[in-house]
Amino acid sequence: MVGKPAVGQKDTKILLLDDSDAVLTAGEMLKAGKIVIIPTETVYGLAANGLDPQAVKEIFTAKGRPQDNPLIVHIASVNELDMVAKNIPESAYVLAKSFMPGPLTIVLEKKDIVPNVTSGGLDTVAVRVPSSDMARNIIKAAGVPLAAPSANISGRPSPTSFEHCKQDMIGRVDGIVQGENCCVGVESTVISLVSNPPKLLRPGGVTLEQLCEVLGEVEVDSGVVNKLSAEQIVASPGMKYQHYCPSAEIFLVSGSSQKFGEFLNEKNGFGVCFTEDIPYICGEYLCYGHMEDYKTQAVNLFDMLLKLDDLAVKTAYIHAPKQEGMGLAVYNRLVRSAGFKIIEL
Ligand code: TXA
Ligand code: MG
């Protein structure tokens, strides 16, 4: 850890959606070494000039992020890949053709221009081209690649709305740009192209099935849905740390709607459920979408975890989605938010 996140030390500039200069102002601030929260299609990101070690260090301080957890570098176009990466394999361009711009991050060999603080000391760099026009326009206005992790305090659920960002980050960052709510709702898929076959490190907005269609074989890192043992070497440092935790204690529960409902009623517990479960539940609940509508579940996921805090829920039982399509990304976030506590009914 870099120590506790800085609290209330910065005079945070709020750049509103109807301010026609917001993109340019954010670009100028980033160029000048400031840290600014920007909207993307996945989650809001806390951005800084990814080539400026001092600016990047400020991201780690604001979030209280462990220093060995590398940041994703955001560029405005696939044409800029070779600015930050070298020995780029053909598979990168194959993926780019189908999914970039979009919610996909590829891990490649790093060029020296990317400072160690950005890559967490690794000799690889994670790169993404967001599909959000606003995000790409801010990168263009800044004129530099932007390092940007999710704009939450480390360990907390990621922000998918301007309101979420304001709650956690006012006073810790130089600026927050207001955008629309994030339309994907979970972070980008991270795939390493340094491994052979390519390795899925984090499921996200592009599904494993979509990746396999384009690449053929894709290995899934065991850390995607399993708890890593202390001695295991991690392919992605982010896997080591606690993630997506609201104040409530979370349990992930799998089983049919009827069994889930009966379990909740017996426990008299707070449920986070699918629409199909509602007829079976007698007590309090939040619903996060239909059972197989993984895209809607993803859009609602982090807002729902943060709502548990607003409602001062102490313990919540969340009905687990199937691990298929975007359901794998939702499951990956939930199993972490539950600290891998799973109840099979
Ligand atoms: O959708 C997203 O990816 C969002 C938006 C803001 O773009 N960003 C985001 O960043 O989720 P962050 O820092 O919260 O998550 C980045 C993940 C971490 O798990 C990190 O360990 C992994 O990517 N990562 C970054 N660079 C890596 C590298 N060189 N090798 C392996 N994993 C890497
Ligand atoms: Mg994050």
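This passage walks through a predicted model, taking in a parallel sheet, the surroundings of a ligand and a handful of unusual backbone spots.

Start with the sheet. Five strands make up an open sheet with parallel pairing, and their order is β15-β14-β16-β13-β17. At the edges sit β15, covering residues 285-287, and β17, covering 342-344, and each of these pairs on one side only. From one strand to the next the twist averages 25 degrees. As in sheets generally, strands pair through backbone hydrogen bonds, either parallel or antiparallel. Here, β13 (residues 249-254) and β16 (residues 315-319) run parallel and are joined by five bridges. Glu249 is found opposite Thr315 of β16. Helix α9, spanning residues 257-267, packs on this sheet and touches β13, β14 (270-273), β16 and β17. The direction of α9 makes about 170 degrees with that of β16.

Just past that helix, the loop between α9 and β14 holds Asn268. The phi of Asn268 is near 55 degrees, a positive value in a residue other than glycine. Asn268 has a relative accessible area of 67%, so it counts as exposed, the cut-off being over 50%. Phe340 also has a positive phi, near 65 degrees, and is likewise not a glycine. Phe340 belongs to the loop between α11 (327-337) and β17, the latter being an edge strand of the sheet. With a relative accessibility of 24%, Phe340 is classed as partly exposed because that value falls between the 20% and 50% cut-offs.

The backbone has a couple of cis peptide bonds worth a look as well. One runs from Met100 to Pro101, with omega near 0 degrees, and Pro101 lies in the loop between α4 (90-99) and β6 (104-110). Another links Asn196 to Pro197, again with omega near 0 degrees. Pro197 has its place in the loop between β10 (189-192) and β11 (199-202). For context, most residues other than glycine have a negative phi, and most peptide bonds are trans.

Now for ligand 1. Around it are 26 residues, of which Thr42, Asn69, His74, Ser188 and Ser236 come nearest. Several polar side chains reach the ligand. In the side chain of Thr42, an N or O atom is 2.7 Å from an oxygen atom of ligand 1. Thr124 places a polar side-chain atom 3.0 Å from a nitrogen atom of the ligand, while a polar side-chain atom of Arg128 is 2.9 Å from an oxygen atom of the ligand. On its own, ligand 1 has 680 Å² of accessible area, and the protein covers 96% of that.

Arg128 deserves a closer look. This residue is part of strand β7, residues 124-128. At 2% relative accessibility Arg128 counts as buried, because the cut-off is under 20%. Its side chain joins that of Glu41 through a polar contact of 2.8 Å, alongside the approach to the ligand oxygen at 2.9 Å. Leaving aside neighbours within four places in sequence, Arg128 is in contact with residues including Thr40, Glu41 and Thr42, the run Ile72, Val73, His74 and Ile75, and also Ser188. Gly102, Pro103, Leu104 and Thr105 are among its contacts too. Thr42, His74 and Ser188 from this list are also among the residues that come nearest to ligand 1.

Technical notes. Residues are numbered from 1 along each chain as its sequence is written. Chains are lettered from A and ligands numbered from 1 in the order in which they are written. This is a predicted model: local features need pLDDT of at least 70, side-chain atom pairs count only at pLDDT 80 or more; totals for chains, interfaces and linings use all residues. Side-chain values use heavy atoms; hydrogens and water are left out. Two strands pair if DSSP finds at least two bridges between them. Helices (H or I, at least four residues) and strands (E, at least two) are DSSP runs, numbered from the N terminus. Axes are lines fitted to C-alpha atoms, for helices over the stretch in contact, and angles run from 0 to 180 degrees between N-to-C directions. Contact means heavy atoms within 4.5 Å. A residue is near a molecule or strand if one of its heavy atoms lies within 4 Å of it. A polar contact is a pair of N or O atoms within 3.5 Å; within protein, one must be able to donate a hydrogen and the other to accept it, and residues adjacent in sequence count only if both atoms are side-chain atoms. Accessible areas come from the Shrake-Rupley method with a 1.4 Å probe; for residues, only the protein chains shown count as cover. Buried means under 20% relative accessible area, exposed over 50%, partly exposed in between (1.4 Å probe, protein chains only).
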